[in-house]
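Open the model in a viewer and keep the selection panel at hand. The tour below goes from one selection to the next and says what is found at each stop.

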Amino acid sequence: MKRFSSMLLVLVLLCFSVITGCGSSTSQGDATSKGFEIALITDKGNIDDKSFNQGSWEGVVAFAEANKISHKYYKPEEASDAGYLAAIDLAVTGGAKVIVTPGFLFEVPIYEAQSKYPVVKFILLDGTPHTADYKTFKTNDNVASILYSEEEPGYLAGYAAVLDGMKKLGFMGGMAVPAVQAFGYGYLQGAEAAAEKLSLPAGAISVTYHYTGDFAETDTNKATAKTMYQEGAEVIFACGGSVGKSVMSAAAEAGKKVIGVDVDQRYDSETVITSATKGLGASVIQVLESIYKTDKWSTYAGKSTYFNASNNGVGLPTTIIGKQDGNAFDRFKSFSKKDYDAIYASLADSSIDPVRTLKVEDTNGYATAKELVTGLKLSKVTVQVR
Amino acid sequence: MENYIIEMLNITKEFPGIIANDNITLRLKKGEIHALLGENGAGKSTLMSVLFGLYQPEKGEIKKNGKVVKINNPNDANDLGIGMVHQHFKLIDIFTVLENIILGVEPNKLGFLQKKQAREKVLKLSKQYGLEVNPDALIEKISVGMQQRVEILKMLYRDNDILIFDEPTAVLTPQEIDELMEIMREFAREGKSILFITHKLNEIMAVADRCTVLRKGKYIGNVAIKDTTKEELSRMMVGRDVNFKVHKKTKELGDVVLSAHNITVSSKIHKNNAVKNVSFNVRAGEIVCLAGIDGNGQTELVSALTGLEKISSGSITLGGKNITKANIRTRSMSGISHIPEDRHKYGLVLDYSLEKNLVLQRYWQPEFQTFGFIKTKAVRSYADRLIKQYDVRSGQGPITPVRSMSGGNQQKAILAREIDKEHELIIAVQPTRGLDVGAIEYIHKQLVARRDAGKAVLLVSLELEEVMNLSDRILVMYEGEIVGELDAKATTVQELGLYMSGAKRSITKENENAG
Amino acid sequence: MQDKTVSSSKAFDNLKKVGKSKGFSAFTAALLAILLGLIFGYLIMRIASPANSFLGFQMLLIGGFKRIGDVFYFATPILMTGLAVGFAFKMGLFNIGASGQYTMGMFFALYVGFMWKLPDSIHWIVCILAGMVGGMLWGLIPGIFKAFLNVNEVITSIMFNYIGMYLVDMLIQGNAAMYISSKTRTAYLPASAQLPTLGIPHSSVNISIILAITLALILFIVLNKTTFGYELKATGFNKFASAYAGMNDKRNIILTLVIAGAMAGLGGAFAILAPSTIAGSSMTYEPVSVIAANGFNGIAVALLGNSNPIGIIFSAVFISHIQRGGTLASLYGYKPEIIDVVIAVIIYFSAFAMLMNSTVANLIKKRYSKKQSAKLPSADSKEGA
């Protein structure tokens, strides 16, 4: 009993000291912790989602560590507009001067936050601030809205695949949201361009084009991918978040290839030959540099900026993490960095300008084969929609 | 100077609010069977727990062969050669007999179990004392009597020579009791010393050499069995004279209250029917006893009568009303009161208070509820009345958790509830099981009083003495059938035994006749 | 000197009386359990980042007081699922299906919110009731399976978690009025379907916490004052005795699971119908094939609350309090994931220790009685006599 009660006493004392100690040291606590100057708020996913959160966080970390700026990410308590706004509140309390918010889910919260915290700078990726009812779109001077020309990395992916000798391609988009559509349209145009370059006959390339209708790893998606591979597809551009996982596992079983999306997915699976990436990290770094180093915040402030080949905001991966001189094109048969640089230059100087949007009848945004062929002026490439 | 192997001198053990053992001395001679007699709550189990190292006494000392020893835990006791068969067996159901016996003292070589060696020792012991067991049977598959043998073998396996039996006969059939007695005598002849805890006087008279009597935590006395009588022992135990003979007035038989016709109940254990084509009547003003060795269908028959189990064929009539298909509550409302065999499993909600248990059969009646809300005050005053009327003793009165009450008082509570409820028939299944003499006497009186009040009583009992004492008419069950109907006044225990063991039958199988 | 010993022994007696009461022992056990959880939580913070562990832990403990509104807001759904688990547990049923019931409740509330055009004043009320019906339905089915086919409720309710989740995801994705496919989530609910806020700034806390506490009190009364509660608890304690007493266990099983389902369903409705701090916005549901975590958190809440509705109120608020404090503690440099681990450790250690409630209580009692009988034999014997 003695031992027990003394143990209890110690615990109670510990507790009390913690609780009473707080009164005297709250201010001290705030003073000692200088706060975190650059903050990132994750969306519904985790920080290691191999997508928006991770890609942009890597940019924050790279820039902040190089310049010795304190940085931190926050996880919202609730995946709702109010929850995201609360996380922004928390980040500001934590001393944030620049807040990075990856993804369109932050459009409404940023619209609120931009006037709530006029001295804090916001970098909103893949979205533009607007009200909940979509009636008012407004980007204040303390907000940089970053958008990506998805059609360009899509174009590069399709171009690389065909130039590498592939004839039968597949595309599996998630839902037909604008970003996914742009990736797909670019992919088809890139394939067409490569076929043109190789002087292939009309109809030499066939593409199976499919929207899964979700962004999930499901058995259905895997089965679809498997069928496409069985029908002869040599590579599938998996363009829809976790859909990629389904496609990769189907590819591993069929011994075929995958093209990843958003971030470099070569590390997820051996089957990924390349990825159509948005330069999330790179764009975050560029904007942060404009704030901290070049003093050119005004180039991004208060408007939407498209990141594309011209500002090195999109592309295929050219380096391998952890390998200084690794060849990021090693999974292609013949397509090389040289081929890539050549086509990238044409995109960068806008001598090639792929179509980003098409007029589509279907309310879900699912284009028909005819719409794709005529809209994208395809001749070498035939399209089946499934 | 007497040769005592164990002496417990002036032991005092207190619990908050109660002195369980007050200055108790017990001396055990080598090679004797020493009975420890006392009512429930007299302090027998506490004293033995002290000896077994489960409790430390506040005062007093324990000597072995004249030397003071300190017993801090059961391992110490084991080292001194003290072994105990607990009232509730401490066996692991899913282990085999052998595994249970060697549990804790597994012979091993470099950590590997040496079962063969153990098996030989067990087989040798079981042969030597006639304790036949199958070492590879799972505990959950063997009978209670067998499980007790395993407990005994556990002690022998550990080479214990001081053996404590805590209420060993409470769970046994008459035959098994006889066997146990013989085994105990054999142990004594071998020079082992036996402490036999019980409140059953017949067993003490039959087997013990000496007897120490406790009452309410105090030492009452020590007597040699050959110099004493059952009456004297019971006086020492209870503190007053006890009537063993139940006085019954002759009573005119009334109408048939319960009529069972061709009842068949399928068994949950085996493929055969547990109750086969049984028919009988119980009339107002008589006590009909269903006698028989445990497991011959009495439990299933009672379940069928009370509605706990469905019957496969036959019909049941209560007061002229067919209740074959009625549910339990309807039967209860129609006048069946049921004192169940297992009071912990069926008769009581142990985690409920006494008052809540007292209204278990009536809480839904308008007297105790309005619009689904329980009338707390009505329940309390009803409980107070029953507690007073039936002398149910407990620590905190109506709000006592039933779990904390003694077995006798728990049974009194059930009795009070079932008798006070409106009824025409009481079905009492082993109503005195595990109770002390005082409580048994009380319950017997109450049952007779019901009979005298013109109610029908159906008593199921395994104790021949109870059967002979209480009943007006005896129905003997054997293998699911009623094999004999006897007049209690005209029959003898011996005759009853013949029927119970299936050696004799006066009622032929109806289906055989039909066939 | 003499006086001192006398008074101390008197105090001891009083303490003993308090110690004997049942509520006290459950309460102390809960406190001890929480204490144990906190210690382990602190150790993890200490390991993760020794320098800030003290301030961080302090914030974790008291941070919630700075955000009382949020504490109650986030406590609401887990209070409801806690009731769903705890109430069924009183009858000996392990309702692990609170997640499915929660999701169904949420869907029904969403459906009425989007598809039914009702007067503003009653729209949200009907939404809540619809949510309740959804949860009831998902409690009813395992109840029927259990009562009539004797299928273990754990198995059915786990399966119905998945069935409910996939069904709801499918129904939502197939409904253009509710679902915005380009955002992969539901549209914003009309304001009339959202619950009235309690008006605490920067917090979504709303009327549902009041409803939830009221429901907990009602359940407490049902359990302790009604014949239904009497039957339910009797069955939970001893189903054989309840059968012996002629209680209708089939009806009671179904009724209990339906009520439990109603609670979880209401939890889902309360969560999805919460008002937003942003004008025109609302809660949204993403059909992403994930089982609602709040359902499982309900198990911890119920355990910590000892399945007692009043206890569940406190445990839900406590857990929410620790979570809110934890979010603030991340300001001391802790990664959100570390904080998640710490909170999970605190909650589950507490809940687990609560499971050991009786063991702990016995331990204390044993030690206590030993000391007492050693020190105060005379006082004791008097009391005994």
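Buried area is the accessible area (1.4 Å probe) that two parts lose on being put together, summed over both. The model is predicted: local features need pLDDT of at least 70, side-chain atom pairs count only at pLDDT 80 or more, and totals for chains, interfaces and linings use all residues. Residues are numbered from 1 along each chain as its sequence is written, chains are lettered from A and ligands numbered from 1 in the order in which they are written, and side-chain values use heavy atoms, with hydrogens and water left out.

**Stop 1: the chains together**

Colour by chain. 2 pairs of chains touch, and the pair with the most contacts (heavy atoms within 4.5 Å) is chains A and C. Chain A and chain B are not joined by any contact; their closest C-alpha atoms are 16 Å apart.

**Stop 2: chain C against chain B**

Select chains C and B and hide the rest. Chain C brings 25 residues to the contact and chain B brings 31 residues. Between chain C and chain B about 2,500 Å² is buried, and carbon and sulfur atoms give 60% of this area. Now show C:T227, C:Y230 and C:Y244 as sticks: these residues supply 33% of the area that chain C buries against chain B, more than any other three residues.

What polar pairing is there? Between chain C and chain B, 15 residue pairs are in polar contact, with both residues at pLDDT 80 or more. A polar contact is a pair of N or O atoms within 3.5 Å; within protein, one must be able to donate a hydrogen and the other to accept it, and residues adjacent in sequence count only if both atoms are side-chain atoms. The number of salt bridges between chain C and chain B is 0, where a salt bridge is a side-chain nitrogen of Lys or Arg within 4 Å of a carboxyl oxygen of Asp or Glu.

Switch to cartoon. On the side of chain C that touches chain B, two or more residues come from each of α8 (207-225), α9 (227-237), α10 (239-244), α15 (357-375) and α16 (377-384) of chain C. Helices (H or I, at least four residues) and strands (E, at least two) are DSSP runs, numbered from the N terminus. Which element gives the most to this side of chain C? It is α9(C), with 7 residues. By class, the side of chain C that touches chain B has 11 nonpolar, 10 polar and 4 charged residues. Here Ala, Val, Leu, Ile, Met, Phe, Trp, Tyr, Cys and Pro count as nonpolar, Asp, Glu, Lys and Arg as charged, and the others, Gly among them, as polar.

**Stop 3: the domains of chain B**

Keep chain B alone and colour three ranges: domain 1 (4-238), domain 2 (245-335 + 424-515) and domain 3 (343-421). These bounds come from an automatic or database domain assignment.

Select domains 2 and 3 of chain B, whose C-alpha centres lie 26 Å apart. In the contact between them, 14 residues of domain 2 of chain B meet 14 residues of domain 3 of chain B. The two domains bury about 1,200 Å² between them, with 64% of it on carbon and sulfur atoms. On the domain 2 side, show B:R329, B:S332 and B:Y442, which lose the most area to domain 3 of chain B and together make up 38% of what that side buries.

Domains 2 and 3 of chain B have 0 salt bridges across their interface, and 4 residue pairs in polar contact. α10 (328-334) and α15 (437-452) of chain B each supply at least two residues of the domain 2 side that touches domain 3. The largest share of that side, 5 residues, comes from α15(B).

**Stop 4: chain A**

Select chain A, which has 386 residues, 56% of them buried (under 20% relative accessible area, 1.4 Å probe, protein chains only). Its secondary structure comes to 11 helices and 13 strands. Along the principal axes, the C-alpha atoms of chain A fill a box of roughly 85 × 55 × 45 Å.

Then colour domain 1 (38-148) and domain 2 (151-277 + 324-385) of chain A. Their C-alpha centres are 30 Å apart. Domain 1 of chain A puts 5 residues in contact with 5 residues of domain 2 of chain A. The area buried between these domains of chain A is about 390 Å², 50% of it from carbon and sulfur atoms. Finish on A:K50, A:S51 and A:Y148, which supply 73% of the area that domain 1 of chain A buries against domain 2 of chain A, more than any other three residues.

Technical notes. Buried < 20%, exposed > 50% of the residue type's maximum accessible area, 1.4 Å probe, protein only.
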